[in-house]
Amino acid sequence: MEEILNDSILTSELEKFEKKYNLEMQNGPVSTTTQFEYAWSMVRSDMASDMKTGLVLLEDLYVKHPEGRRDYLYYMAIGHTRLKDYSEALKHAQAFLEIEPNNQQVIALEELIKKRMDIEGLKGVAKATGAALVVGGILGLGFAMLKK
């Protein structure tokens, strides 16, 4: 699962899908396949702004093309995980599992998302504790200096 989350697209590949998408957009409606290819390539970009654009395109496909919802949910879960938006990622993974509850790949993704949520939660607690200790130390020092 890590390899899918760490998979980055080459700039030349991204540009190829972007060119195809823009060409179709100029000539009329964009095909579902082209929009999906472009969205997935954007989600695999190393730039957060590209990933977010890819997610918007996937969400649009999800609404307009119910026959592909299962796939769109999976790739949205991947995208949100890459952006470290774990609550959204988990929501999409769980929605996928409602459609296909025994999909081992998505079960593994769900477990990975939960693990990352736990790690991020621990980091948040550590940061809050560290900040409280610093503030407490400063206040303690200030009170000690006032007593002198």
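Hi everyone, let's start with the charges: a search of the whole structure turns up eight salt bridges. Do keep in mind that this is a predicted model.

One pair I'd like to show you is R82 with D46, where the closest N and O atoms sit 3.7 Å apart. What does this pair link? It connects distant parts of the chain, with the two positions 36 residues apart: R82 belongs to helix α5, while D46 lies in the loop between α3 and α4 (48-64).

Now let's stay with α5 and bring in α3. Two packed helices are described by the angle between their axes and the distance between the axes. Here, helix α3 covers residues 32-43 and helix α5 covers residues 69-82. Their axes come within 10 Å and cross at roughly 20 degrees. Angles under 35 degrees count as roughly parallel, so α3 is roughly parallel to α5. As for the hand of the crossing, α3 and α5 cross in the left-handed sense.

Which residues make the contact? From α3 we have T32, F36, W40 and V43, and from α5 they are Y72, Y75, I78, G79 and R82. By type, this contact of α3 with α5 has six nonpolar residues, two polar and one charged. You'll recognise R82 on that list, the partner of D46 in the salt bridge I showed you.

Finally, a word on annotation. An unreviewed UniProt entry places the feature "repeat: TPR" at residues 70-103. In the model, that stretch is 79% helix and 0% strand, and its end C-alpha atoms are 11 Å apart.

Thanks for listening, and I'm happy to go back to any of the views!

Key: Residues are numbered from 1 along each chain as its sequence is written. This is a predicted model: local features need pLDDT of at least 70, side-chain atom pairs count only at pLDDT 80 or more; totals for chains, interfaces and linings use all residues. Side-chain values use heavy atoms; hydrogens and water are left out. UniProt positions are given in the numbering used here, feature names are shortened, and annotations may be inferred rather than shown by experiment. Helices (H or I, at least four residues) and strands (E, at least two) are DSSP runs, numbered from the N terminus. Axes are lines fitted to C-alpha atoms, for helices over the stretch in contact, and angles run from 0 to 180 degrees between N-to-C directions. Angles under 35 degrees count as roughly parallel, over 145 as roughly antiparallel, 65 to 115 as roughly perpendicular and the rest as oblique. A crossing is left-handed if the near helix is turned anticlockwise from the far one by less than a right angle, and right-handed if clockwise. Contact means heavy atoms within 4.5 Å. Ala, Val, Leu, Ile, Met, Phe, Trp, Tyr, Cys and Pro count as nonpolar, Asp, Glu, Lys and Arg as charged, and the others, Gly among them, as polar. A salt bridge is a side-chain nitrogen of Lys or Arg within 4 Å of a carboxyl oxygen of Asp or Glu.
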